[in-house]
Structures are given as structure tokens and as C-alpha cells.
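Work through the exercises below with the structure open. Try each task before reading its solution.

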Amino acid sequence: MSLLTVLIAEDSAADLLLLSTIVRRQGHRVLTATNGQQALEVFTRERPQLVLMDALMPVMDGFEAARQIKQLAGETLVPIIFLTSLSGSQALARCLDAGGDDFLAKPYNPIILAAKINAMDRLRRLQATVLQQRDQIARHHEYLLHEQRVAKAVFDKVAHSGCLNAARNIRYLQSPYALFNGDLLLAAYTPSGDMHVLLGDFTGHGLPAAVGAMPLAEVFYGMTAKGYGLAQTLREMNAKLKRILPVDMFCCATLLCLSAQRRVVEVWNGGMPDGYVHEVATGRRTPLVSRHLPLGVLAPEVFDDCTQVWPMALGDRVFLLSDGVIDTADANEQLFGVERLLQVFAANREPERLFEDIEQALAGFRGEVRDDVSLVEISLLPEQALHASAIQYTDSGQSCPLDWSVSFEFRAETLKRYNPLPYLLQLLLEIHGLRGQSGALYSVMAELYSNALEHGVLGLDSRLKRDVQGFADYYRQRNERLALLSNGYIRVHIDVLPTGAGGCLSLRIEDSGAGFDVETVLARPLDIDRLSGRGLNLVRQLSSHVRWSDGGRSVCVEFCWEALA
Amino acid sequence: MSVESEVSLDGTKLTIAVKGRFDFGSHQAFRDSYERFYKVPDIYVVDLKEATYLDSSALGMLLLLRDHAGSDDADVRVINSSSDVRKILAISNFDKLFDIS
């Protein structure tokens, strides 16, 4: 038991003496007052821990004094025990209303008084502990929020270095602190103007879930800007997460590449709920089903980077969502579910409003949107001017190479598993004069390389891609033939020459295929060229002096530049 | 939530039965259920007959068990999964790592 300072307010001198003696004998320090006004003054000056208060006193009665003492004490519990000869319920109720915690009836019994003082002291200390812990929790909470704010600010610098907010074809719904629920949404342009989008969901919540997001975002932006395709980017992400995350942590993710030029979307889904390609003309929805384990689970040797490709028309949309959308529960613990989502799709008549429709359906279902809901809509819009590469250069340009040539021959085993384009682009961007055209350069290289590989080496017929079924066949055959490839080559010749004011790059790509009838293919209308795929018009738009030779087996393009100002 | 484990008489099979919600709350109990056995069994069976719910941290726990049981050489079977549980396992393609029935 602790020793307390006890204030006794009592107008009868005899009672005051008696009580003081009893309380002092129990070891407590005693302060006295003979009316309410005096009690208030003593309390203000000495801050006793417990008060024994007579109800009826001159100047100011015990009720008013108790009320004021409780107000002065604030959150701290200062127990007030009323001393009373009153016994009517109404009088006792007045004591309670005034803030009294207990009563002591005359005649005073030392044992009962000791018990009451002890009980009140326990209560007082309990209250003090609760307040202390409350303040501690509040401080921790404040600290945690501060940490999250800082972490988020750092992360935003990394995560939003892409085009999520700038691109006019992306709409998304995500709570600002979704990161701490493990949700991650990234978007960036490739050098050729395609768009890569990643929607990820790390296991768990809070800081652990957010920690893995940083390296994932770095890999995503770095590799996208350098022109790596989905397969290589996925491999790198998976290997990195596998290396740094504990065994029971992983990241469900959908990664896609949307190409406005080629009017296709390439998708890899590992562990996310179905996304959808929504065809505006027919209202048809193609589900983008999870076919893989999440990122960070499998060892690099067994990781499967196989993607699927779907055709898209202008205005078509891709929807991706996190499981928070489907698992949104209403007041009765009913889940929103896939069925309701599909009903929203089916009921929609204006594709422009589809995103709002889903948003409203979710909000209407629950009353509010949960903070682990991520929803993103990416539309295929007519292609915009190529976006400047996000790579920042730090060299001065003094040592830029201007007079050289190099040739490569990529043979079957290499063609199967290696994409040389990012490497070639890095090499060419050593030339400062070409950096302004890096997008066009990469687009042209990518088109010509994939033509050489798919139509040349693999002998695929581009006319297959006329409809959706043919499209799927085309990419299935592409994968099969590539897996079985045992001979064939693609040669790349790069020749850089200085001219008076600037320089000129000539790029020649040859393949081991059967060639094609250049005249006929070039005479095809633009739309067919676009859909069924050689993208030759694009090549002609973006580069000068496109020439085929050797029966379509060899193509040469030129890129020239003036001296830099 | 409860986790019970039992070794077969010949000591070759460890059966772990999860009851109720299989989520982060069962993390410690689930780990204890296989880590406390001295002898290493050949086969691990996770019985989800009475599991009502499974979240992504449960998937993480299954990965921990698989890792404990020898990673790619592990024989871990998930049995008696309800259609809801099976759907969750299917989205994550866990059938590529576990024998699910």
C-alpha cells in the first residue's frame, strides 16, 4: 500500500480531529479544511491524492467543492469519499452527481475507512497506469504514422517516377497508403512507346509488405526504360524477390505490356485475381487468368516467364484488380465477389463510365471503399508521339564514338533465350546525336528484329493474326517453333559514319529465312499491315531510306542527325 | 482456430489438421506443429477438412512447411480442401508445388 496525501474537509472540529488521527495512524499525510472554499484552496496548492469531504459545510458545501476539485483534477483520478450522516437515497445520489466515488457513514470505523482508502488507492493507480499506457500508445502511433509518411515519400519518388499519373489512358483507384497493405501499382513507357503496367500484392501488411516493393519498382523502371521485354523483367523480379524475401513472403502480380502500335496486350499473371480485356465493340470480356505462381516463390531455374498475347482494338480496355475488390465485404460479411463484378460489366452501356460504375458498385456495396482495394483501367488509345526515354545521362559527350562499325550474328541457341535489343540500344545510345531519337530507333529495331525472327527464322505467316483465334494460334506456334529451333541466324550490322555537321547510322538486319515478296506486302492497306503484323509502315514512318534486298531477307534503315547545338 | 498434428505409427507421415481460420493467427501453432518433432517424416499431410478460411499468410505458411520438408524434394499434400479454399490455392497456382486434393 502506498502512503498518500489525504485532504479532510469537515466543519466539525471534533470529527476533523478524530478522522485526522485515524488517517494519520494509518501512515498517510493529512491536510485539513473546514469548509468547501478552503478545501478548494488546499487542493489547488497541495494536490492531495485523495479527499474525504463532508457534504454539509458553511461558505461552500461539499457538493460544489467536489465538483470543482474533479474539474481541477482533469484526467487524473482523485477519489472523493463523502463523509455523511445523510442516509436518504436522494442525498446520496447528490453526492454521486457531484463526482463522489464512495461514502463513509458516521460513526467512523477505522477499519472500514482503511479499506475504503486502500480500494480507492488501487483504483487511482489503475487509472494512472491506463492513462500512461494510453499516452504511450498514442506516442507510438504518432511515431509509426510519421515513419510511414517518410517511407511513403521516399517510395513515391521511386514508384511514381513512371507515367502512372501522366498517362491519359490510365485510370486507377488506390488508397494513398495501399503500399502498407502490400499493394503496388507501377506504369512506365518502353523506349518504343509501349506501356508496361504492374499491379502487385505482397503477402502480409504493414512495413514488411512495403519493404519488397522498393526493389521490385527499381527493377520494373530500370528494365522497362532500357527496352527489356516482359519475360526478362519478370525473371529479374522473381530472382530478386526470391533472394531477398523470407520463404513465406511473395508477391502476387500481373505484369502487362500494352502496345498501341501493334494493338496487342501481352500479359503474365501470377496469383492475382482474373483481370479482363474488355472489347468495346462486342462487349466481350476475355479473362486474364493467373497461370503462374507468384513472384518470389520459385527458384530462377524453374521460373516460368511464359506470357499470353491478346489483340485489342482502339478504345478497348484492360482491367486489373486486387483481391481487395473481390473480398470487399458488406455489413453482413457477404463478399462482393466475382459475380457482382461481372454483373457491373454486363450492365454497362457506356464504356467511358465503366470505371466509375465499378467504383460506385463497390462503394454502394460496403458504404465505403476499403484501403486495400486497387483497381486500374488501361485503355488503348491512338498512339501518341514517342515518349522520351527516362534514362538520364551523366556523360559530357566529348568522348562520343562517331566512326565505327560492328556486326553480330545471333544463332539458334541464342535466339531461343536472349533478346539482344536492350544491349544494342545501349550501345547505340553512346552516340549523343541518336539519343533524341531513341524511341524511334528502338521501335524500328524491335519491329525489324521480330520480323526477322518470327517471319524469317521461324517462318510464321503474319496473315494468321487476322482474328482472335488466329492470334492465339500465332503466338502458340511462335513459342513451339522457337523451342524446337536448331538452326538459323539473325545478323545485325551497325555502321556509324560522321557527316559534315553530324553523323549517320545505317542498320542492316539479315535473317536465314525464306524472304518475302516486298512489293506485295508494302502495297497492303495500312490497317491490315497493322493488325497482321509486319509493322512496315511504322518502320517507314520512323526512319529514312528503308531498303529491302536479297528477296526480303535483308533490310537496311538509316538514322541521321545534325550536330548538337 | 486450432492446429493439431499427429505422426503415423511407423513414423513416416505427419498429419497437420488446421481447424477454423487458417491465417496469421495460426502462424506460431502451425510452425510448432511440425518443428516439435525430432524425427523427420517422409510425407507431410495438411488436412484442411475443418478449415473455414485461408488467406495469403496461410499460403506463406505452406511455403515455410515445404521449405522445412526439403523444398523441391518435399512431399507435402494438402487434403480435404473445400471449393473456396481450392479456388484460393488455384489462383496462386499452388498446385504446382503441392499435391492438392
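**Exercise 1. The two chains**

How many residues of chain B are in contact with how many residues of chain A?

Solution. The model is predicted, so treat each count as computed from predicted coordinates. Start with the contact itself: 13 residues of chain B meet 14 residues of chain A. Next, find where the chain B side comes from. Its largest share, 8 residues, is supplied by helix 2 (residues 56–68) of chain B. Last, sort that side by class. It has 6 nonpolar, 5 polar and 2 charged residues.

**Exercise 2. The annotated stretch of chain B**

Find which residues of chain B UniProt lists for "domain: STAS", then give the helix and strand content.

Solution. The record, an unreviewed entry, lists residues 3–101 of chain B. Over that stretch the chain is 31% helix and 30% strand. The C-alpha atoms at the two ends of the stretch are 19 Å apart.

**Exercise 3. An annotated aspartate**

Is Asp54(A) buried or exposed? Add its annotation, its element and its contacts.

Solution. Begin with the record. In an unreviewed entry, UniProt places "modified residue: 4-aspartylphosphate" at Asp54(A). Then locate the residue: Asp54(A) is part of strand 3 (residues 50–54) of chain A. Now count neighbours. Asp54(A) has 25 C-beta neighbours inside 10 Å, and the cut-off for buried is 20 or more. Asp54(A) is therefore buried. Finally, set aside residues up to four places away in sequence. Asp54(A) then touches Ala9(A), Glu10(A), Asp11(A), Gly62(A) and Leu83(A).

**Exercise 4. Helix 2 against helix 3**

Decide how helix 2 and helix 3 of chain A are oriented, and name the residues that make the contact.

Solution. Take the axes of helix 2 (residues 36–46) and helix 3 (residues 62–73) of chain A. They come within 9 Å and cross at roughly 20°. Angles under 35 degrees count as roughly parallel, so helix 2 of chain A is roughly parallel to helix 3 of chain A. The crossing of these two helices is right-handed. Helix 2 of chain A contributes Gly36(A), Ala39(A), Leu40(A), Phe43(A) and Thr44(A). Helix 3 of chain A contributes Gly62(A), Glu64(A), Ala65(A), Gln68(A), Ile69(A) and Leu72(A). By class, this contact has 6 nonpolar, 4 polar and 1 charged residues. Gly62(A) appears in this list, and Gly62(A) is also among the residues that Asp54(A) touches.

**Exercise 5. Helix 7 against helix 8**

Repeat the analysis for helix 7 and helix 8 of chain A: are they roughly parallel or roughly antiparallel?

Solution. The axes of helix 7 (residues 213–225) and helix 8 (residues 230–244) of chain A come within 10 Å and cross at roughly 155°. The cut-off for roughly antiparallel is over 145 degrees, so helix 7 of chain A is roughly antiparallel to helix 8 of chain A. The crossing is right-handed. Among the contact residues are Leu216(A) and Phe220(A) of helix 7, with Met237(A) and Leu241(A) of helix 8. By class, the contact has 8 nonpolar, 3 polar and 2 charged residues.

**Exercise 6. A leucine in helix 16**

Where is Leu482(A), and what is it in contact with?

Solution. Leu482(A) sits in helix 16 (residues 468–484) of chain A. With 17 C-beta neighbours inside 10 Å, Leu482(A) counts as partly exposed. Leaving aside neighbours within four places in sequence, Leu482(A) contacts Lys416(A) and Leu458(A). Its C-alpha atom is 86 Å from that of Asn118(A), 364 residues apart along the chain.

How values were computed: Residues numbered from 1 in each chain as written. Chains lettered and ligands numbered in written order. Predicted model: local features only at pLDDT ≥ 70, side-chain atom pairs only at ≥ 80, totals over all residues. UniProt positions renumbered as here; feature names shortened; annotations may be inferred. Helix = DSSP H or I, 4+ residues; strand = E, 2+ residues; numbered from the N terminus. Buried ≥ 20, exposed ≤ 12 C-beta atoms within 10 Å, placed from the backbone. Contact = placed C-beta atoms within 7 Å. Axes fitted to C-alpha atoms, helices over the stretch in contact; angles between N-to-C directions. Parallel < 35°, antiparallel > 145°, perpendicular 65-115°, else oblique. Left-handed = near helix turned anticlockwise from the far one by under 90°. Nonpolar A, V, L, I, M, F, W, Y, C, P; charged D, E, K, R; others polar.
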